[in-house]
Amino acid sequence: MKTIKVHNFSAGPGILPEEVLRQASEACINFDDLNLSLLEISHRSKNFEAVMEESTTLVKELLDLDDSYKILFLGGGASLQFAMVPYNLLRDGGTAGYVNTGVWASKAIKEARLIGNTQVVASSEDKKFNYIPKGFGIPTTLDYLHVTSNNTIYGTQLKKFPTAATLVCDMSSDIFSRKIDGKKFGLIYAGAQKNMGPAGATMVAVKESLLGKVNRPMLSMMDYRVHIKGESMYNTPPVFPIYVSLLTLRWLRNNGGIEWIERVNQQKADALYTEIDRNSLFFGTAAKEDRSNMNVTFVMHKPELEPEFDQLWKSANISGIRGHRDVGGYRASLYNAMPLQSVQVLIDVMKDFEKKFA
Ligand SMILES: *Cc1c(COP(=O)(O)O)cnc(C)c1O
């Protein structure tokens, strides 16, 4: 029986609950007591259809969505959604608005530009994306406004969503981490591997009434309506990532749902930010009011001490806190499955480091 030996702060693919990993490995051998592996049965079997149905129901429940939304589980990662969103929603002669809050948003903008008129309505590029733009004007004529709820690389998070007739959101790195009113969004998408499951599945929640308004001839695999009609089984869906995502969603619901996890996530983030602000050797890189509860980015006043710090956290069995190459320093990802005890271990290492080197 594995107890937590390694404290996994990886930014993605990220930590999953231990019980989920156990259930997932069991399903690889004997799924639903069929004496068959989940990996070797038809996606059209009754048993897998039940997985799809329950996943859809749980996503709707946890995001507060009604039946005007369709839930899809697709391949291609969040990056394919950068293209599918404009392909399905951006009309000939229409304009899509984007808020540029970092690398992922920039990649979404790049794809949208290939498909139609794209306007960047706000950007935080001037300060290396260390804050969330606020108070900008939003043209009322946009086909949609695209935002990124959590900027995984910079450690910034939208605390208040802008109001737009059609709001589209990349929630890859904070989906199911806090209470949101899903009905405010026209479309939500998230790659599974940050906060939901393994890489390979992407969840899309789309208000069906937004579809069918573009004139372009649609490639089948790129057309949300084709996937809706096929109930995410137009082609073989990523069965294993979908199943493990379902296990994670069950884990979340059974432990108290979004209210519970939001409280836990707040505790973890508060504890770590408090230490970063208190500790004389570190400082946070994101603007305080925009700090992410999922990815905590911090650097050292004296970067030449990094090797010493690295040694300390490695010997405390901490893994995955080196910062993204664009930001440097450190990034501790506190996804849903990360226990408060692991955050406390990191905090203790930071205190110890200060005692030794300040
Ligand atoms: C990781 C990430 C992506 C990219 O996801 P892929 O599944 O690798 O395409 C996109 N957006 C955000 C916010 C991310 O954190």
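For the residue classes I'm about to use, Ala, Val, Leu, Ile, Met, Phe, Trp, Tyr, Cys and Pro count as nonpolar, Asp, Glu, Lys and Arg as charged, and the others, Gly among them, as polar. Keep that in mind. One caution too: this is a predicted model.

Let's start with the ligand. How many residues of each class are in the shell around the ligand? There are 3 nonpolar, 8 polar and 2 charged residues. Which helix gives the most to that shell? Helix 3, residues 77-89, with 4 residues.

Now the closest neighbors. There are 13 residues around the ligand, and S79, T152, D170, Q193 and K194 come nearest.

Three of these names deserve a closer look. Take D170. One of its polar side-chain atoms lies 2.6 Å from a nitrogen atom of the ligand. Next, K194. An N or O atom in its side chain is 2.6 Å from an oxygen atom of the ligand. Then Q193. Here an N or O atom of the side chain is 2.9 Å from a ligand oxygen atom. And the cover? Taken alone, the ligand exposes 380 Å², and the protein buries 87% of that.

On to helix 1, residues 18-29. The helix has 12 residues, so at 1.5 Å a residue it should span 16 Å. Its end C-alpha atoms are 17 Å apart, which agrees.

Which residues of helix 1 are buried? Among them are V20, A24 and A27. These three cover an arc of only 60 degrees around the axis, which puts them on the same side of helix 1. Why does that happen in a helix? An α-helix has 3.6 residues a turn, so residues three or four places apart point the same way.

Notes: Residues are numbered from 1 along each chain as its sequence is written. This is a predicted model: local features need pLDDT of at least 70, side-chain atom pairs count only at pLDDT 80 or more; totals for chains, interfaces and linings use all residues. Side-chain values use heavy atoms; hydrogens and water are left out. A residue is near a molecule or strand if one of its heavy atoms lies within 4 Å of it. A polar contact is a pair of N or O atoms within 3.5 Å; within protein, one must be able to donate a hydrogen and the other to accept it, and residues adjacent in sequence count only if both atoms are side-chain atoms. Accessible areas come from the Shrake-Rupley method with a 1.4 Å probe; for residues, only the protein chains shown count as cover. Helices (H or I, at least four residues) and strands (E, at least two) are DSSP runs, numbered from the N terminus. The expected span of a helix is 1.5 Å times one less than its number of residues. Buried means under 20% relative accessible area, exposed over 50%, partly exposed in between (1.4 Å probe, protein chains only). The arc is that of the directions from the helix axis to the C-beta atoms.
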